[in-house]
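Colleague: Got a minute to walk me through this model? I have it open here.

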Amino acid sequence: MSRIISALILAVAAVTAFASEPLKLADNAPDRYMVVKGDTLWGISGKFLKEPWRWPEIWRLNKDQIKNPHLIYPGDIVLLDYADGRPRLRLGKPLPGRLSPKVHEEVIGQEIPAIPPQAIEPYISQPLVVDANELIDAPRIIGTEESRVIMGNGDEIFVLGVQEDHPRWYIYRPGTPLKDPTTQEVLGYEAVYLGTAQMKQPGEVAIMEILGAREEVLKGDLLVPAEPPHLSAYVPRRAEQDIVGEVMSVYGGVSAGGRNSVITINQGSQAGVEVGHVLGMFGKRSTVFKDKEGRNQTMALPEERYGLVFVFRTFDRVAYALVMEASRPLAIGDAVRNP
C-alpha cells in the first residue's frame, strides 16, 4: 500500500492566483535527502525551497489526498525531480549499496513535526484567550487547606462552580486585555497560566490538588478544563484567502520581539486564519523630509516584508503565531498578511 506524506506537510495546492509564480528552489538544493530524528518540516523545506510556505505545492497533492494522509518519519527519503518541467518532491528508496536506517515503526508521536515542538508546546494549552462572559462563569478557588493565602504544588484547593467532572484543570488569572492596535477594541483577555490541578472529589464545592504550579496560586484564581495538546496536526501552508492583520502583542509583556517569539495577531478563525498558515510580517515605515518650500513633511514608505510567522493556535478573533524568520526586531502594530 502506497504511503502518502504526512498531515504535517500536506496542504491545499496553490490557489489559482499564485499558479503563475514559479517555485524557487534553494541554492544548492539536493536531489535527495534522508530524514533524520530532530528534523522539522520547516527545516527540510528550507533545504529545497526558498519559500518554505510553498512546501505543499511541490508535493503536487490534491484535496482528496490531504483528507486522509499518512506520516513522514526518520529514515524516509525525500527526492527532488521534475515533471512537466516543474520541480516536485516525492518519497523514494535509498540508493542501492547504501546503508539505510532500520525500517521505522509508524508509532504515534514519532512523525516529523512541522516546527520545533519545544518552541510552541507551552502555548498549545496556554496562554488562554477568554472573553468577559467566560471570566464571569469560570469556576474559582474559594478556599484552601489550613487557610493558606498562597498555594503551590501538592496543596488542596476548594473550587466553586465546577459543572463537569473533568480529571485535570488549568489554573489561570485574568490578564492584560488584547487590544486591536488600530481600533483599540478589546478582542479578548489573555489569561495568565498558573499551573494545573487534579480533581480529587467533585461536588458543589470540588476538592482539587495543585500540580505543576508555575506561579503562586491565590484565592479567586479561575479554572478551565485541561485538554491534551495536539502537536502533530500542523500543516505549513499559505492561506487560500487574503489575510490582513497586525501584530497585537508579544507574549511575555514585551513591546518588541524577534525569531522564536510568540506573538498574537488581531485576526482569528472568524477571518479565516487557520492553524498552519504562514504569514509575512511587514514593517510600517515613514520618513520626514523637507519639501521645496522647506517645510517638514512626513510620508509613509512602502512596506517591506522582513519576517515570517507560523500560526499554531487560533481563537475567534485572535491567533497565536511563532516567528520563524525575522531580519529585524518586530514591533506591535506591524502588518501581518499573506507572504
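**Helix, core and confidence**

Modeller: Start with helix α1, residues 41-48: Leu41, Trp42, Ile44, Ser45 and Phe48 are buried there. Buried means under 20% relative accessible area, with a 1.4 Å probe and protein chains only. Helices are DSSP runs of H or I, at least four residues, numbered from the N terminus.

Colleague: Why do the buried residues of α1 line one face of the helix?

Modeller: Seen down the axis of α1, they fall within an arc of 160°, so they line one face. The arc uses directions from the helix axis to the C-beta atoms.

Colleague: Is this model predicted, or what is it?

Modeller: It is predicted: local features need pLDDT of at least 70, side-chain atom pairs need 80 or more, and totals for chains, interfaces and linings use all residues. Residues are numbered from 1 along each chain as its sequence is written, and side-chain values use heavy atoms, without hydrogens and water.

Colleague: What is the mean pLDDT of the chain?

Modeller: The mean is 80, and 80% of residues reach 70 or more. pLDDT is the predictor's confidence in each residue, from 0 to 100.

Colleague: New topic. Which side chains does Glu57 make polar contacts with?

Modeller: Glu57 sits in helix α2, residues 55-58. Its side chain contacts that of Arg54 at 3.0 Å and that of Arg238 at 3.4 Å. A polar contact is a pair of N or O atoms within 3.5 Å; within protein, one must be able to donate a hydrogen and the other to accept it, and residues adjacent in sequence count only if both atoms are side-chain atoms.

Colleague: Buried or exposed, that Glu57?

Modeller: Glu57 counts as buried, because its relative accessibility is 13%.

Key: Buried means under 20% relative accessible area, exposed over 50%, partly exposed in between (1.4 Å probe, protein chains only). Helices (H or I, at least four residues) and strands (E, at least two) are DSSP runs, numbered from the N terminus.
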